[in-house]
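Work through the three exercises below. Each has a task sentence, followed by a stepwise solution.

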Amino acid sequence: KSDRAVAHRRLSGLKLRDLARECNIALGTLYNYYPTKDSLVLDVVQQFWQNCFIRSRFPKASLSQTGL
C-alpha cells in the first residue's frame, strides 16, 4: 500500500502518520522499519525497480515463483 500512497501524493505532502493509518499499522511500527520518510521512499523506489527487472527477465513468472 505504501507505494500507492507515495504515488498519489507529492513527497512533501506525504506524512508517515497518514501512511500508517492508510496501511492500518501503528505509527511506531512504521518508524521501526523506516526511521525517516526518505528511507521509506527509497525502499519503495528500490522495490519498484527490482520488480520491473524481474518481470523483464522472467515475463511469465510471478514474483512468488522467483522467491521475492
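This is a predicted model, where local features need pLDDT of at least 70, side-chain atom pairs count only at pLDDT 80 or more, and totals for chains, interfaces and linings use all residues. Side-chain values use heavy atoms, without hydrogens and water, and residues are numbered from 1 along each chain.

**Exercise 1.** Find the aromatic pairs in the whole structure and give their geometry.

1. Apply the criterion: ring centres of Phe, Tyr and Trp (its six-membered ring) within 6.5 Å; planes under 30 degrees apart are stacked, over 60 edge-to-face, the rest tilted.
2. The search returns 1 aromatic pair.
3. The partners are Phe48 and Trp49, 5.1 Å centre to centre, with 80° between the planes: edge-to-face.

**Exercise 2.** Classify Phe48 and Trp49 by accessibility, then place Trp49 in its helix.

1. Set the classes: buried is under 20% relative accessible area, exposed over 50%, partly exposed in between (1.4 Å probe, protein chains only).
2. Phe48 has 46%, so Phe48 is partly exposed.
3. Trp49 has 56%, so Trp49 is exposed.
4. Trp49 sits in helix α4, residues 37-57. Helices are DSSP runs (H or I, at least four residues), numbered from the N terminus.

**Exercise 3.** Count the disulfides and classify Cys23 and Cys52.

1. A disulfide is a covalent bond between the sulfur atoms of two cysteines. The test here is a pair of cysteine sulfur atoms within 2.5 Å.
2. The whole-structure search finds 0 disulfides.
3. Cys23 has 22% relative accessibility: partly exposed.
4. Cys52, at 28%, is also partly exposed.

Definitions and conventions
Helix = DSSP H or I, 4+ residues; strand = E, 2+ residues; numbered from the N terminus.
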